Amino acid sequence: MAQYKISPGQQVVVVWDSHSSTEALQSLVKDLQAAVGAEGHVSVENLNQLLQSSHKESRFDTVLSGLVPGSLTAHSAQVLAEIARVVKPGGRVLLKEVVTAAAAAGDNSRLKAITKLPTALTLSGLVEVKELQKEPLTAEQTRAIQEELGSQCKELFFVEIEGKKPNFEVGSSSQLKLSFVKKAVPPEKRSVDPTAAKLWTLSANDTNDEDSDLLDSDELLDSEDLKKPDPASLKAPSCKESGKRKACKNCTCGLAEELEKEKNNLLPKSACGNCYLGDAFRCASCPYAGMPAFKPGEKILLNENNLHDA
């Protein structure tokens, strides 16, 4: 059983069809039992009854289908899916199937084109699918296929193909270890253009060169630039010289203080000295009439109406 890569202790299932003889099936099973030994086990399943079987999921290490001499097997998509279900993760599937040379127009048989068989195994869930062997059918086998499946194609082949189940169960999940921490990227050093660096570099040879025309900064100044300026010309004009009776925002000439004193002198003076006590103590012509009491010396602003009334 070296051709099927059967090892001692493996669980193997043989799928056969009605075209294979009983003697050929028994001979193959006997050879497989000798290969797996006492610790292994060989099961036999008919192709038409495989979908109704009660095999547990991921039970077999190897599945052999259509390999019994005399078999004329055509695996449907449902059968391929069932085979992928019962094989263990990492297990092997070895099939032998009748295929056509090319997909014939109007051919409604169950036979696949030779180029479609690897795709069918891949869609069933198998990986590492590869063709091992191809051989044409005999005239008698071709007639049997044409009668049973109603195929009109005359160019038929036996193709032996192998696939493996992935090392995980269908529907299994695993936590991904993701790291979202951003690694600090060191700043890239900006490359210096050699031409630009050479342009701004002054070597000793350049300074000692007699042909170098260097300018003296003192020669750029004329006699007017060397005169000392008049302090009066440097003084900023005052608010009074601007011609407007209004202090600047940052007044330094004293106009702001002068205007403030004049404003304070315009405030009315109390004749009785009781204006701050409130209306009960004020005269009839008091400019503070109607205003709340206030503290002595507190600055009170009066509107123009009150001043005129006073």
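## A look around strand E4

Leaving aside residues up to four places away in sequence, Thr 100 touches Leu 111, Lys 112, Ala 113, Ile 114, Cys 153, Glu 155 and Leu 156. Keep in mind that this is a predicted model. Thr 100 is found in strand E4, and with a relative accessibility of 4% it counts as buried, because the cut-off for that label is under 20%.

Let's step back to the whole chain for a moment. It has 310 residues, and 31% of them count as buried. You'll find nine helices and seven strands in it. Take the contacts with a separation of 6 or more: 67% of them come from residues 24 or more positions apart. The accessible surface adds up to about 22400 Å², with 52% of that belonging to carbon and sulfur atoms.

### Strand E4 and its partners

Back to E4, which covers residues 87–100 and is mostly covered: ten of its 14 residues are buried. Which strands does E4 pair with? The table lists E3, E7 and E5.

| Partner of E4 | Residues | Sense | Bridges |
|---|---|---|---|
| Strand E3 | 60–65 | parallel | five |
| Strand E7 | 156–164 | antiparallel | nine |
| Strand E5 | 112–113 | parallel | two |

A few bridge partners help you find your way along these pairings. Thr 62 has Arg 92 of E4 as its bridge partner. Val 99 is matched with Phe 157 in E7. Then there's Thr 100 again, whose bridge partner in E5 is Ala 113; Ala 113 is also among the residues that Thr 100 touches.

As for the side chains, here is a handy rule to carry along: in a regular strand they alternate between the two faces of the sheet.

### The helix between E3 and E4

How does the chain get from E3 to E4? It crosses through helix H2, residues 77–86, and this β-α-β crossover is right-handed. The buried residues of H2 are Val 79, Leu 80, Glu 82, Ile 83, Ala 84 and Val 86. What do they pack against? Their neighbours are E3, E4 and helix H3, which spans 117–123. So the two strands joined by the crossover are also among the elements that the buried residues of H2 pack against. When you look at a helix like this, remember that an α-helix has 3.6 residues a turn, so residues three or four places apart point the same way.

### Two positive phi values

Two residues other than glycine are worth a stop for their backbone angles. Ser 58 has a phi near 55°, a positive value. It sits in the loop between strand E2 (41–46) and E3. Is Ser 58 buried or exposed? Its relative accessibility is 16%, so it counts as buried.

Glu 128 also has a positive phi, near 50°, but this residue lies in a strand, namely E6 (residues 127–136). Glu 128 is exposed, because its relative accessible area of 56% is over the 50% cut-off.

### A nonpolar patch on the outside

Finally, have a look at the surface. Leu 176, Leu 178 and Phe 180 form a nonpolar patch there, and together they have about 430 Å² of accessible area. Where is Phe 180? It is found in the loop between E7 and helix H5 (194–199). With a relative accessible area of 73%, Phe 180 counts as exposed. E7 itself is the strand that pairs with E4 in the antiparallel sense, which brings the tour back to its starting strand.

Notes: Residues are numbered from 1 along each chain as its sequence is written. This is a predicted model: local features need pLDDT of at least 70, side-chain atom pairs count only at pLDDT 80 or more; totals for chains, interfaces and linings use all residues. Side-chain values use heavy atoms; hydrogens and water are left out. Helices (H or I, at least four residues) and strands (E, at least two) are DSSP runs, numbered from the N terminus. Buried means under 20% relative accessible area, exposed over 50%, partly exposed in between (1.4 Å probe, protein chains only). Contact means heavy atoms within 4.5 Å. Accessible areas come from the Shrake-Rupley method with a 1.4 Å probe; for residues, only the protein chains shown count as cover. Two strands pair if DSSP finds at least two bridges between them. A crossover is right-handed if, with the strands pointing away from the viewer, the path from the first strand over the helix to the second runs clockwise. Patches are made of residues with over 30% relative accessible area and no salt bridge: like charges are joined within 9 Å, nonpolar side chains (Val, Leu, Ile, Met, Phe, Trp, Tyr) within 5 Å. A salt bridge is a side-chain nitrogen of Lys or Arg within 4 Å of a carboxyl oxygen of Asp or Glu.
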